[in-house]
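Thanks, everyone. I'll keep this short, and please have the sequence and the model open while I talk.

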Amino acid sequence: AFSCLLFALTVLLVLAGAARAAEDDPDDEASAADTYRVRSVEVHGVENVDEDELRERILTSGRSRWLFWRARPVFDEFNLEGDLARVRTFYQARGYYEARARSELEWDDSRNLVDVVIHVEEGEVVRLAQLSIAIAPEAKDYFDRSTRITLIEDLPLLVGEPFGIERYKAAKDELVRRLADLAHPRAILDGGAEVDVTLHEAQVEWTLRPGPRVVLGAVEAVGLDKTNPWLVEKELLFSEGDLYSADVLERSQRKVYAQGVFSSVSIRALRPELEKPARGDATDGEGAPAAEADDATEAGPEKTGDGTSDSATDDTASPSEAADAAADGSATLDGAAANADRGDAGQPEGAGDAADTAAPALAPPELEVWPVEIRIKERSRQNVRLGVGYGTEDEFRVKGTWRLRNLFGEAEALELNAKYS
């Protein structure tokens, strides 16, 4: 009987929704003579990208077949123009800088309903021809050869592969992560990318300025009230005096949060305040793990007006703008090479088999000490859950749970359950 009642209630709700839609739109086609509605949207010409992913960028849409009682979406010409621009941007982000999109409208006899057809001309993809990084003269001796290889191998940008903004930025983000894990969260890169749409080739060149090496200073936990500080300290993977590593900070943050007694956990290394920044300079006086390192906002390579070449130069751009490769498919960083196909290390140009027999002493970079702040918000100690259900065997049932977290300040928990049926 209960199941029948539930089914009847569901049917009534569906019919009520359909009736309301009918009141708003009596013909379910157009609510007024001057209102045009979309019947369907089709995209033609998509071959080299994911069509479903492309459709997610298109705002103009027809009515879902599962929501047949709803009024059809209103046709908006300005939205459609924006859709065409979004299609072009989608393709450019994947290396198709010559992609074009146009629309075709097919009206029904009453001219109240329209079928929208978007025609795409993909054009030829631009591929990466060269990718290289140079270390600034003042930092030539900061990294040994093996570290240089680690910095550049397996970056998302590969010679011969399509060159798009998404891969460009992914390589930037990956490089800034690696630099931060080497205790250089303030590194910057000069340079940029050039795209020639006539030759369908792209070149990327950067100069890396690592900046000072950062050492972790005093560790302070903020927000602990009913929790023993030991509960946080035992999960940390670092201590005062360690070199900065974004990966270590983030893994420590996850371990502290996983104990289940905190609603939020944030672990950050704070950059000391700068001395009297120049007029117009913006600085918040604090640093963060690599994922939050200072980044210049960029749109990536942009197409030039003559249609023959694209270029983007990143003056003192974020460290994540790095990737490198030579025309033979290998990445190079001041003599160290990582082969994009084999993943092995190549010799510096002009070096023989004994290139590593006498490694030069590395010049120590400037050191900065960043204190660490652990900002915590404790969860409510008590939690109550109530549930009501119905089954064919026990029929109506009620279940309740009372949980007390962090009983003595060290993540202990007490839980009581009760059930009635």
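I'll go through the nonpolar cores, then a surface patch, then one threonine. Keep in mind that this is a predicted model.

Let me start inside. The largest nonpolar core contains 28 residues, and Phe163, Val204 and Leu208 have the most contacts inside it. Two or more residues come from each of β4 (127-135), α4 (145-152), α5 (165-181), β5 (188-196) and β6 (201-209). The element that gives the most is α5, with five residues.

Take leucine 208. What is leucine 208 in contact with, once its neighbours within four places in sequence are set aside? The list includes Ile133, Ala134 and Ile135, then Phe143, Leu151 and Leu179, and also Ile188 and Leu189.

There is also a second core, separate from that one, with 22 residues; among them are Ala180, Phe238, Ile267 and Ala269.

Now the outside. In soluble globular proteins, nonpolar side chains tend to be buried together. Here, though, Val388, Val398 and Tyr420 make a nonpolar patch on the surface, with a combined accessible area of about 360 Å². Valine 388 sits in strand β15, which covers residues 382-391. Is valine 388 buried or exposed? Its relative accessible area is 72%, and the cut-off for exposed is over 50%, so valine 388 counts as exposed.

Last, threonine 227. Threonine 227 is found in the loop between β7 (213-222) and α6 (229-233). Its relative accessible area is 5%, and buried means under 20%, so this loop residue is buried. The side chain of threonine 227 makes a polar contact of 2.7 Å with the side chain of glutamate 378.

That's what I have.

Key:
Residues are numbered from 1 along each chain as its sequence is written. This is a predicted model: local features need pLDDT of at least 70, side-chain atom pairs count only at pLDDT 80 or more; totals for chains, interfaces and linings use all residues. Side-chain values use heavy atoms; hydrogens and water are left out. Helices (H or I, at least four residues) and strands (E, at least two) are DSSP runs, numbered from the N terminus. Buried means under 20% relative accessible area, exposed over 50%, partly exposed in between (1.4 Å probe, protein chains only). A polar contact is a pair of N or O atoms within 3.5 Å; within protein, one must be able to donate a hydrogen and the other to accept it, and residues adjacent in sequence count only if both atoms are side-chain atoms. A nonpolar core is a set of buried Ala, Val, Leu, Ile, Met, Phe, Trp, Tyr and Cys residues joined through side-chain atoms within 4.5 Å. Contact means heavy atoms within 4.5 Å. Patches are made of residues with over 30% relative accessible area and no salt bridge: like charges are joined within 9 Å, nonpolar side chains (Val, Leu, Ile, Met, Phe, Trp, Tyr) within 5 Å. Accessible areas come from the Shrake-Rupley method with a 1.4 Å probe; for residues, only the protein chains shown count as cover. A salt bridge is a side-chain nitrogen of Lys or Arg within 4 Å of a carboxyl oxygen of Asp or Glu.
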